[in-house]
Structure formats: C-alpha cells, structure tokens
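Please look through the sequence and the model below before reading on. The paragraphs that follow begin with a sheet and then turn to the helices.

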Amino acid sequence: MKKLLSIVLVIISTSLYAQNDYLNESQEEYQKRLHWFTESKYGMFIHFGLYSQLGGVWEGKEIEHYAEWIQANADIPKEEYTKLISTWNPEKFNATKIARLAKKAGMKYLVVTTKHHEGFCLWDSKFTKYDIASTPVKDRDFVRELADACKKQGIRFGTYYSIIDWHHPSQSIIKNDETGKGIWNQPVMLPGKKPEYVQYMKNQIRELIDNYDTDILWFDGDWANWWTVEDGNELYQYIRELKPEIIINNRVSKREEFKKDFGTPEQFHPDDSLDYLWEACYTMNSSWGFCEHDNQWKSPQTVYDKLKDINGKEGNLLLNIGPDGNGIVPKESVKILLEVGKMLNKK
C-alpha cells in the first residue's frame, strides 16, 4: 500500500511540474506573453549606481572604458569602493521626469539597473545593507519611484540584475600574476558559497517581483565561469513560478546557447531578421554609466536610423541614459531623446 501511494505521489508531482515547465511552453503561450514586448519596439535603459557619482574619474584621473565598470577599470579594492555609499546622494533624481521623458521620446518600456556588478542595490533590500537605505538618501526608494512613475505614464517597468557581484562575500577577485591587477570580469566563487549566493539572488529577485511587480527581468554577467546553463534554466523556472507572465532576457543563462525570452546583442545589431526575438541595447555616447569626459554623442538622426533599421528586422531598441551623481539626466541625452521623439511623430 505504501509503495502504491509513493508511486501515485510521484506521478502527481511529475504531472504538476510538467504543467509548469516554463522552459517548454507552447509557441502560442510564448507569443501571447511576449506580445506587448514585440509591439513596443523601443525602450529606455538606465544605468545608475554608486559609480554615477564618480563620472568616470578616480583620484583625479580620467578612467577609460565604461564608467559603470570603474571599480574594475581603476582596480579599486572593495574596502575602498564601498566607502562611496556614504557620499552617494542623488537627491535630484526625478522618476516622474524620467518616465515622462521616455514617453515623449516614444518609448514603451523602461529597464533600470537595480543591481549592477558593483553589488549596490537601488532599493531597500532585506538581504543586504549595501543598498539605498544605507546612503544619505535613505528615506527614498528609487525603484519604487520609477515603478510608480512608469505605471502613471503607461510604460512597462523592468529591472536589471547582475549575476556577478563584486561586493558579495561569496565571490573573490583574484590577481593577474603578470599585471598584479584584479581579474574583475571573472570573480571566483569561493568553495561552498554558491548555494548561499544563489539563494541571495532568488531572495532579491523575489523582492523585485513582489514589491515592484517588475514586467521584465534583465540579467547580465552570465559569462562567469561558475554560472552554468543548468543554473540559468533553474533560475528561469523559479522566476516564472513567481510571475508566469514576466519576460526574462537570455542572459539569465549562457547567452550563446540560451535564447529565451529574447536575445540581447549589445552595441551592435544583426544584418537581418533572426529566428528568435531580440532586443539590441545601445548607449547614446560611449558609456553606459555617467561619464563626465565622454562627449561622443550620437546624433538624433543616427539614433532614429538605428531604431528604424532594428525594428525593420523585427527587433527592439533599448537605448541607454546614465544619470549623474546628482540624479540628473545629462542634457545631451534629453535633447537627443526629445528630437527622436519628434521625428517619430512626423512619420
């Protein structure tokens, strides 16, 4: 009798799991879930974090390459970089203005870096003190402000979350034997610490879904050697169980192999249509995070042409802005976006 009961429970369990096998949903279910995304065509990316106050400068020296990677590019020790949390005070950050700007520009959705590689969280998380609640603007929640502002403007809200984390104690930056500098693009997962960190990720992702009802989860950092396709598949399944209708980018797993829910070419886009959904992300200058010495701004015509070319190949464009240390969107970004919006209205 016990054996028969065990078999029945296994069958029931397997059946329930099969009903929720989100990795293998039907094409009809997939297209229905992604319909709003494919119709949107154009979205706003926001890179904003502790790095924003540095503006690409460390100890009086202009640091080359992406400004949001300044901790890596300037090889800043964690103990030193962490001190930035006490001076991060973007009191002029205005979510309402940003959401209105996105709408005027013709954008239909928005994705903000709630946790970039630096590990700092843009919301008050129960699972770390390395977050906005530990900064001079501790009484504000920028993720809440953006989520609410987007809802009022009829814009879909999305959250970016980095798989690698330069701050979390589970990971360590080893030194290059030849240069003596840290190998920041490949944080090493310490022995036995991976389960703890994966649970940390799940806890925070659940906060983003439960507290802010995010429509998109946009991952990055999938290149880490310790992160596997199996890890990505399991996390994808976990997220869809929390919110079945949510949309997740392919960097939740290994981007070269995994294409659900959409591919993510970065700073380029394909010459033709692809056999899967995709979104190309671009900067308006040369950096994602605010960089005071980066003046390589794209013209409105260039942005417009990229958007039309990408849309013509059945892709979306996610165009980035990088607010400065005060929370202000660079005037050049505002000018470009508004001009592109006018060009779209004329067509």
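Two strands are taken to pair if DSSP finds at least two bridges between them, and strands themselves are DSSP runs of at least two residues, numbered from the N terminus. With that in mind, and remembering that this is a predicted model, one can begin at a single position, where Met-44 stands opposite Leu-110 in β4. This residue pair belongs to the pairing of strand β1 (residues 42-46) with strand β4 (residues 109-115), which runs in the parallel sense over four bridges. Further along, Ile-46 has Val-112 as its bridge partner in β4.

On its other pairing, β1 is joined to β11 by five bridges, and these two strands run parallel as well; here Phe-45 stands opposite Asn-320 in β11. Both pairings fit into an open sheet of seven strands, whose order is β9-β8-β5-β4-β1-β11-β10 and whose pairing is parallel. The edges of this sheet are formed by β9 (247-248) and β10 (278-282), each of which pairs on one side only.

In a regular strand, side chains alternate between the two faces of the sheet. Within β1, Tyr-42, Met-44 and Ile-46 point one way, while Gly-43 and Phe-45 point the other way, and all are buried. The strand is accordingly described as mostly covered, with five of its five residues buried, where buried stands for under 20% relative accessible area.

Which strands does helix α9 lie across? Helix α9 (residues 300-312) lies across β1, β10 and β11 (315-321), and runs at about 150° to β11.

Helix α9 also meets another helix. Two packed helices are described by the angle between their axes and the distance between the axes. For α9 and helix α10 (residues 331-346), the axes come within 9 Å and cross at roughly 55°. Angles from 65 to 115 degrees count as roughly perpendicular and those under 35 degrees as roughly parallel, and α9 and α10 are therefore oblique to each other. The crossing in which α9 passes α10 is right-handed.

The contact itself can be followed residue by residue: from α9 come Pro-300, Gln-301, Val-303, Tyr-304, Leu-307 and Lys-308, and these meet Ile-336, Glu-339, Val-340, Met-343 and Leu-344 in α10. Sorted by class, the contact of α9 with α10 holds eight nonpolar residues, one polar residue and two charged residues.

Terms used
Residues numbered from 1 in each chain as written. Predicted model: local features only at pLDDT ≥ 70, side-chain atom pairs only at ≥ 80, totals over all residues. Heavy atoms only, no water. Contact = heavy atoms within 4.5 Å. Axes fitted to C-alpha atoms, helices over the stretch in contact; angles between N-to-C directions. Parallel < 35°, antiparallel > 145°, perpendicular 65-115°, else oblique. Left-handed = near helix turned anticlockwise from the far one by under 90°. Nonpolar A, V, L, I, M, F, W, Y, C, P; charged D, E, K, R; others polar. Buried < 20%, exposed > 50% of the residue type's maximum accessible area, 1.4 Å probe, protein only.
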